[in-house]
Amino acid sequence: MSKMFILPDLPYSFDALEPYIDTLTMQIHHDKHHGGYVKNLNDLLPDKSDADLLNILQTSTDQKILNNAGGHYNHSLFWKLLSPKHLAPSPKIMALKEEFNKKALSIFGSGWAWITIINNQLTISNTTNQGVPKGKIILGLDVWEHAYYLKYQNRRAEYIDAFWNIINWDEVDRNLS
Ligand code: MN3
């Protein structure tokens, strides 16, 4: 059995996002959590030739498959949206920072905050668990406790603030264009 779904390497080292996201959190988050979604997906879809995640997300009715496909999809995007390089922020997105942060803070339990484009409009939204948002994804933040608990414990607001120091603005600009 070949493995259709593959855990992508981080585009930086585990300690690259210190002090905003700590090394151990990045190791566990990438290897164990994202790695777990990939393994589960391969176990759940052993014989399928269709490795198109978006197609699976749009057509599957199996909640286990949807959870793990969403987890793989969201995290694969998320790693690319982070960078240690302190690039120049996008003014269009910076204008939405406060609203995005409120949305991220207000998610009850596990989920993601998003900026997407829907009908040519930048739109702030959230999904619970590993839900994938509507529209074209520009920016997203994982607010599951596994993303921040070792360093920030119950202080999700501090984690959300820290996120703005490590956004990969080159990737955001690519998503916007
Ligand atoms: Mn996560």
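Which side chains meet in a salt bridge at 2.6 Å, N to O? In this predicted model, the pair is Lys-39 and Asp-43. Both residues belong to helix H1, where four residues, about one turn of the helix, separate them. Asp-43 is partly exposed, its relative accessible area being 40%. An α-helix has 3.6 residues a turn, so residues three or four places apart point the same way.

The Lys-39 to Asp-43 contact belongs to a set of three salt bridges in the structure. Another joins the side chains of Glu-171 and Arg-174, with an N to O distance of 2.9 Å. These two residues are three residues apart in helix H8, which spans residues 169-176, and are therefore separated by about one helical turn. Glu-171 has a relative accessible area of 11% and is buried, because buried residues are those under 20%. A further salt bridge links Glu-158 with Arg-155 at 3.0 Å, N to O. Here both partners are partly exposed, Glu-158 with a relative accessible area of 39% and Arg-155 with 32%. Arg-155 is located in the loop between H6 and H7. Its C-alpha atom is separated by 10.0 Å from that of Glu-145, a residue 10 positions away along the chain. Side chains of opposite charge can pair when their charged atoms come close.

The overall architecture was examined next. The protein chain contains eight helices and three strands. Read from the N terminus, the order of elements is α-α-α-α-α-β-β-β-α-α-α. The radius of gyration is 16 Å, which agrees with the value near 16 Å that a compact globule of 177 residues would have. Along the principal axes, the C-alpha atoms fill a box of roughly 45 × 40 × 30 Å. Of the 177 residues in the protein chain, 45% are buried. Among contacts between residues at least 6 apart in sequence, 67% join residues at least 24 apart. The accessible surface of the protein chain amounts to about 9,200 Å², and carbon and sulfur atoms account for 52% of this area.

Part of that surface is a nonpolar patch of about 260 Å², made by Leu-24, Ile-28 and Leu-150. Leu-24 lies in helix H1, which covers residues 23-44. With a relative accessible area of 46%, Leu-24 is partly exposed. This value allows Leu-24 to be counted in the patch, because patch residues must have over 30% relative accessible area.

Helix H7 comprises residues 156-163, and its buried residues are Arg-156, Tyr-159, Ile-160, Ala-162 and Phe-163. These residues cover an arc of only 160° around the axis and therefore lie on the same side of H7. The elements against which the buried residues of H7 pack are helix H3 (63-80), helix H5 (97-106), strand S3 (136-142) and helix H6 (149-152).

Helix H3 also contains His-72. The relative accessible area of His-72 is 6%, so this residue is buried. When residues up to four places away in sequence are not counted, His-72 touches Phe-5, Ile-6, Pro-8, His-34, Tyr-37, Val-38, Leu-41 and Leu-53. Among these contacts, His-34, Tyr-37, Val-38 and Leu-41 fall within the residue range 23-44 of helix H1.

Toward the C terminus, Leu-176 is placed in helix H8. With neighbours within four places in sequence left aside, the residues in contact with Leu-176 are Ser-90, Ile-93, Ile-117, Leu-122, Lys-136 and Ile-138. Of these, Lys-136 and Ile-138 fall within the range 136-142 of strand S3. The C-alpha atoms of Leu-176 and Ser-90 are separated by 9.6 Å, although the two residues are 86 residues apart along the chain.

Terms used:
Residues are numbered from 1 along each chain as its sequence is written. This is a predicted model: local features need pLDDT of at least 70, side-chain atom pairs count only at pLDDT 80 or more; totals for chains, interfaces and linings use all residues. Side-chain values use heavy atoms; hydrogens and water are left out. Patches are made of residues with over 30% relative accessible area and no salt bridge: like charges are joined within 9 Å, nonpolar side chains (Val, Leu, Ile, Met, Phe, Trp, Tyr) within 5 Å. Accessible areas come from the Shrake-Rupley method with a 1.4 Å probe; for residues, only the protein chains shown count as cover. A salt bridge is a side-chain nitrogen of Lys or Arg within 4 Å of a carboxyl oxygen of Asp or Glu. Buried means under 20% relative accessible area, exposed over 50%, partly exposed in between (1.4 Å probe, protein chains only). The radius of gyration is taken over C-alpha atoms; the globule rule is 2.2 Å times the number of residues to the power 0.38. Contact means heavy atoms within 4.5 Å. The arc is that of the directions from the helix axis to the C-beta atoms.
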